[in-house]
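Please walk through this protein with me, beginning with how its strands are put together and ending with the charged side chains that meet one another.

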Amino acid sequence: MVPSVTASNGWRADELSTIDGFGEVDIATRRSDGTLRAARIVWIVRHDNAVYVRSVNGTTAASYRGVQTCHEDELSAGRLHTGVGFVESGTHAGEDSGLDDPLDAACRGKYGHSSGGVARITADVTRATTLRVGPA
């Protein structure tokens, strides 16, 4: 039996559940020549049937700049290893979707309200790096 696909985002229900169950995932970005860089650990949150990442160090971080080189990279969460694509999302991407506040709430719910990391990942400079992650 093939697991069902959820909504139009392409993720299977079991993949979303796996990703959502991990506090951190590994993302390896591609260089312009197509080779993979060393994986970086990132926090990932689920909102509805999509998952999102942000660069805790803002737009100048190597991991965020790496995503800008090639929007198709690799994600690892436990036994799940899959190609992914990234799409700029949220207010900084010109969306008036009200996405930023729910993602902040998802971060607080998953990683704790008083965490210094949560304060950084929900800051305006970090909101400006919101990326929706989908299967490639």
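**From the strands to the salt bridges**

Strand E2, which covers residues 40–47, and strand E3, which covers residues 50–53, run antiparallel and are joined by 4 bridges. The model in which this pairing appears is a predicted one. To find one point along this pairing, look for Arg46, whose bridge partner in E3 is Val51. Helix H3 packs on the sheet here, where it touches both E2 and E3, and its direction makes about 115 degrees with that of E2. For a reader new to such sheets, it helps to recall that strands of a sheet pair through backbone hydrogen bonds, and that the pairing can be either parallel or antiparallel.

A second pairing is that of E4 with E5, which is antiparallel and extends over 6 bridges. Within it, Asp73 stands opposite Val84 in E5. The hairpin formed by E4 and E5 has 2 residues between the strands, and in this hairpin Gly78 takes a positive phi near 65 degrees. On to the next partner: E5 is also joined to strand E6, residues 131–135, by 5 bridges, and these two strands run antiparallel as well. Here Glu88 has Leu131 in E6 as its bridge partner.

These pairings can now be placed in the wider arrangement, which is a closed barrel of 6 strands in the order E1-E2-E3-E6-E5-E4, with antiparallel pairing. On average, neighbouring strands of this sheet are turned by 45 degrees against each other, direction ignored.

From the strands we turn to helix H1, which spans residues 13–21 and in which Glu15, Leu16 and Ile19 are buried. Seen down the axis of H1, the buried residues fall within an arc of 100 degrees, so they line one face of the helix. The background to this is that an α-helix has 3.6 residues a turn, so residues three or four places apart point the same way. What covers the buried residues of H1 includes E2, E3, strand E4 (72–77), strand E5 (80–88) and H3.

The last part of the picture concerns charged side chains, for which a search of the whole structure finds 7 salt bridges. One of them brings together the side chains of Arg12 and Asp14, with 3.0 Å from N to O. Arg12 is partly exposed, at a relative accessible area of 28%, and Asp14 is partly exposed too, at 34%. Arg12 also forms a salt bridge with Glu15, where the closest N and O atoms are 3.5 Å apart. Glu15, however, has a relative accessibility of 10% and therefore counts as buried, since buried means under 20% relative accessible area.

Elsewhere, Asp104 forms a salt bridge with Arg127, and their closest N and O atoms are 2.6 Å apart. This pair links distant parts of the chain, for Asp104 lies in helix H3 (residues 100–111) and Arg127 in helix H5 (residues 124–127), 23 residues apart. Both Asp104 and Arg127 are buried. The two also belong to a network of salt bridges, in which Arg54, Asp100, Asp101, Asp104 and Arg127 are linked.

Definitions and conventions
Residues numbered from 1 in each chain as written. Predicted model: local features only at pLDDT ≥ 70, side-chain atom pairs only at ≥ 80, totals over all residues. Heavy atoms only, no water. Salt bridge = Lys/Arg side-chain N within 4 Å of Asp/Glu carboxyl O. Buried < 20%, exposed > 50% of the residue type's maximum accessible area, 1.4 Å probe, protein only. Pairing = 2+ DSSP bridges. Axes fitted to C-alpha atoms, helices over the stretch in contact; angles between N-to-C directions. Contact = heavy atoms within 4.5 Å. Arc of directions from axis to C-beta.
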